[in-house]
Amino acid sequence: MAKKYVYNFREGNAQMRKLLGGKGANLAEMTKIGLPVPMGFTITTEACLNYYEEGEKISEDILSQIFQALEELEKEMGKKLGDPKDPLLVSVRSGAAISMPGMMDTILNLGLNDESVKGLAEKTGNERFAYDSYRRFIQMFGNVVMEVPHEKFEEIISEVKKKKNATYDTELDAEDWKEVIEGYKKLIREETGRDFPQDPKEQLLMAVEAVFKSWNNQRAKVYRRINKIPDDLGTAVNVQAMVFGNKGNDSGTGVAFTRNPSTGEKEVYGEFLMNAQGEDVVAGIRTPQDIKQLKEVMPEVYEQFINVCNLLEKHYRDMQDIEFTIENGKLYMLQTRSGKRTAQAAVKVAVDMVKEGLITKEEAILRVPAGQVETLLHRRIDPNAKVQPIAKGLPASPGAACGRVVFDPDEAETLGNNGEKIILVRTETTPDDIHGIVAAQGVLTSRGGMTSHAAVVARGMGKPCVSGCESIRIDYEKQEFKVGQITVKKGDIISIDGSTGEVMLGQVPLIDPELSEEFNQILAWADEIRKLKVRANADTPSDAQKALEFGAEGIGLCRTEHMFMAQDRLPVVQQMIMAETKEEREEALSKILPMQQKDFEGIFQAMEGLPVTVRLLDPPLHEFLPNEEELIVEIMELKAKGPSKELEEKQEILKKVRALSEMNPMLGLRGCRLGLLYPEIYTMQVRAILTAACNLAKKGIKVLPEIEIPLVGHEAELRILREAVEKTAEDVFEEEGIKVHYLIGTMIELPRACLTADKIANYADFFSFGTNDLTQTTFGFSRDDAEGKILPHYIENKILSDSPFIVLDRDGVGLLMKMAVEKGRSVKPDLLIGICGEHGGEPSSVEFCHMIGLDFVSCSPFRVPIARLAAAQAQLTNPREDNN
């Protein structure tokens with residue numbers, strides 16, 4: 001039996017989306033439930049794929065099925081395509097399995113030619129309507145199928161309007177449209193070298209082929225890439241008998257949502273136009289009316305329309321996006337699909353539908369895209385604002401901000417503390433700049449990736465950051481940056497959008513985040529369902545407090561190096577680094593110890609009764625010293641003034657900077673290697689952690705410290721450092737006269753650690769995956785360089801579907817993680833295992849962590865709600881019995 005490539009609307013249903021596309025499946029379903037749908041047929045997605053397999057040719061088998069379906073439609077409608085007396089006209093529309101609104105092509109009024117237009121005029125007694133329909137068809141067909149630029153058709157209409165002194169298309173009569181039609185046909189002949197086709201069957205096949213081709217047009221390919229839609233699905237083609245909204249004042253057309261797609265309010269939302277066809281509503285030529293005004297214009301039709309909306313919502317159990325036409329006072333439904341909505345609307349609609357008994361709370365959780373929730377947690381640009389970006393970098397930390405441009409972090413701190421709103425603009429940031437970032441509304445860097453210093457720090461603080469914006473050229477001396485011909489000086493106002501990476505001149509309108517009652521309800525349901533715990537990455541008591549507000553169940557990563565970056569501490573840290581002997585180093589460390597202890601007391605107190613993972617010092621020491629190039633400039637300036645003590649000090653620092661300089665510092669003297677070469681640093685930190693814990697325990701405050709040793713690649717490293725931690729702990733407990741329970745674990749961030757996890761587990765109470773570094777060392781990518789230079793090309797050319805620093809690479813990095821979990825738990829079945837890289841707040845990565853049996857994920861405080869929701873969605877789609 002020959003394969004079936006064409007289905008009439010009575011043969012399909014909503015479950016056939018993959019074959020019939022979303023539009024075809026929904027037209028079939030609406031037909032099935034008795035709604036007024038103009039009849040037609042669907043050419044399947046498989047026919048589209050066959051078209052490409054056959055070298056962009058419609059096979060004979062598919063052609064014969066199309067003509068057979070057309071014959072059946074002609075019988076049903078009592079009209080024939082191309083009949084000169086009473087022609088059947090059809091629309092030809094695309095329809096992919098996954099909705100891609102506006103990305104592919106549509107042709108209306110197909111079947112008209114120089115003869116049938118006369119028959120249509122006579123049959124309807126409306127010559128203007130007939131020729132208006134014909135000019136629309138020629139314009140759409142000429143543009144979509146014959147690839148004549150749209151604006152060239154518009155020029156012809158404009159000329160005719162000008163002659164007639166008309167503002168709107170509705171002011172043109174039949175004779176005017178005849179003139180337009182002749183102009184259109186001449187234009188097509190000049191542009192394509194052939195006449196506009198008069199044979200309706202040829203028109204139909206050319207239109208079907210054009211829709212197939214539109215699956216691979218540029219905008220469709222870009223939309224699929226952005227929305228992660230596979231390229232091998234193909235599009236269906238829907239051929240449907242035309243109904244006309246442009247037959248006069250008792251006809252019209254419109255688009256509506258069954259609920260407000262911006263807010264989620266339960267009210268019909270949309271617009272319509274009388275005496276118009278579908279494209280007029282979106283073309284902007286005439287201003288549509290609010291759908292509610294249809295109640296005054298055609299009360300019976302409006303009532304019928306509201307009933308249809310209610311029926312469709314109940315049937316599909318979701319908010320619907322509907323297209324309709326009214327012909328001579330009769331309502332026809334042309335399309336329904338699940339409506340696109342904002343995150344705010346998605347949350348409200350889902351919760352309301354649970355309350356209305358339409359869906360379960362489990363379905364509600366799955367209806368809210370976890371990644372979209374991020375937009376609810378940060379200030380964002382008003383979606384109604386018109387913005388013109390001057391540059392685009394990497395969307396490193398979400399949210400939007402406006403402020404005056406400042407290039408110096410000290411000045412940023414001063415102005416920020418005085419209440420000025422500023423944007424810190426740097427080539428790249430270093431730990432030295434932390435005070436400037438704290439004071440700024442947002443950060444813009446010309447170098448660095450989405451896991452660069454600026455990005456990580458900004459995300460932790462909930463501040464927007466655009467990084468790696470390579471099109472801006474910063475001149476610190478002139479205190480300005482340039483983008484092409486545009487110069488932006490210190491003090492000029494700019495706006496940045498950390499969710500898109502866009503940079504704009506001037507101040508754009510922003511909207512504050514609103515955490516609605518419905519949002520909290522969705523998260524409460526998510527918490528009942530998820531198996532993964534969700535912790536936060538937090539380095540200060542205020543970060544910890546914010547994490548608790550967002551529902552964190554502990555701290556999965558407290559980076560102690562961020563505590564070293566405060567301006568009052570940096571000189572002492574630099575004194576420690578500059579020390580030539582152990583004694584000198586210990587003297588500097590003795591000044592840092594009380595500062596660290598106070599930090600830990602604040603964090604432990606904020607997280608009372610919850611676990612806090614404290615990572616011992618991880619980054620290379622040179623990061624705490626001034627930039628070498630800047631030092632050289634300062635020394636040259638000081639030399640010009642003559643010998644001085646300051647000059648000697650700067651020269652000593654330069655010597656140390658050069659001594660600590662490494663070819664690849666991210667694989668150099670950092671992490672546990674620092675603790676092994678300079679054990680007094682880790683001893684001081686462990687002492688600060690456990691003294692803080694003892695002090696609070698004496699006050700009856702429960703603390704659960706977890707001491708994390710970073711960058712372990714060999715079990716001997718962890719064995720030696722564990723012994724050192726335990727020794728320091730015994731000393732502290734003896735001195736304080738009290739003991740607290742604590743854990744010692746390691747950050748798994750090297751491939752070797754994953755491969756030998758069973759050996760490392762002998763000395764670990766917990767593992768926490770540092771997936772930023774694990775990704776870097778697995779791929780051999782330098783993060784900052786790769787994100788700005790390599791990964792955009794890889795993603796564009798589909799070498800990778802996503803940046804592995806944003807979405808966890810399951811096949812490589814994920815396989816190493818899975819191996820580490822299995823090996824670690826083969827030695828210690830109850831080994832606590834989590835993840836604290838930024839992947840901990842990305843939905844796909846959270847799902848993978850759930851699937852391989854992790855106990856917790858940890859992410860920046862502002863991503864905690866995303867992780868909570870994603871963890872529940874993971875449990876619903878991949879159920880597991882317990883945490884392991």
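## Rings and neighbours in a predicted model

Lys178 sits over the face of Tyr131, and the distance to the ring centre is 4.9 Å. Keep in mind that you're looking at a predicted model. There's another case of a charge over a ring: the charged end of Lys4 lies over Tyr7, 4.9 Å from the centre of that ring.

Now for rings that pair with other rings. How many aromatic pairs does the count come to? The count comes to 17 aromatic pairs. Let's take Phe141 and Phe196 as one of them. Their ring centres are 5.6 Å apart and their planes are at 80 degrees, so this pair is edge-to-face; planes have to be over 60 degrees apart for that label.

Where do these two residues lie? Phe141 belongs to helix α5 (residues 127-144), while Phe196 is in the loop between α7 (174-192) and α8 (200-214), so the pair ties together parts that are 55 residues apart in sequence. Are they buried or exposed? Phe141 is buried, at a relative accessible area of 0%, and Phe196 is buried too, at 4%. Both also belong to an aromatic cluster, which they form with Tyr134 and Phe137.

Next up is the pair of Phe781 and Tyr794. Here the ring centres are 6.2 Å apart and the planes are at 75 degrees, so this pair is edge-to-face. Phe781 is in the loop between α29 (771-779) and α30 (783-796), and Tyr794 is in helix α30 itself, so the parts tied together are 13 residues apart in sequence. Phe781 counts as buried, with 10% relative accessibility, whereas Tyr794, at 28%, counts as partly exposed. Why does Tyr794 miss out on being called buried? Its value is 28%, and buried means under 20% relative accessible area.

Here are the four ring residues side by side:

| Residue | Relative accessible area | Label |
|---|---|---|
| Phe141 | 0% | buried |
| Phe196 | 4% | buried |
| Phe781 | 10% | buried |
| Tyr794 | 28% | partly exposed |

Finally, have a look at Ala526. You'll find this residue in helix α18 (residues 517-529), and Ala526 is buried, with a relative accessible area of 0%. Which residues does Ala526 touch, leaving aside those up to four places away in sequence? They are Ile365, Arg868, Leu869 and Ala872. And what about Pro865? Along the chain, Pro865 and Ala526 are 339 residues apart, yet their C-alpha atoms are separated by 9.6 Å.

Definitions and conventions
Residues are numbered from 1 along each chain as its sequence is written. This is a predicted model: local features need pLDDT of at least 70, side-chain atom pairs count only at pLDDT 80 or more; totals for chains, interfaces and linings use all residues. Side-chain values use heavy atoms; hydrogens and water are left out. Rings of Phe, Tyr and Trp (its six-membered ring) pair if their centres lie within 6.5 Å; planes under 30 degrees apart count as stacked, over 60 as edge-to-face and the rest as tilted. Helices (H or I, at least four residues) and strands (E, at least two) are DSSP runs, numbered from the N terminus. Buried means under 20% relative accessible area, exposed over 50%, partly exposed in between (1.4 Å probe, protein chains only). A charge sits over a ring if NZ of Lys or CZ of Arg is within 6 Å of the ring centre and within 35 degrees of the ring normal. Contact means heavy atoms within 4.5 Å.
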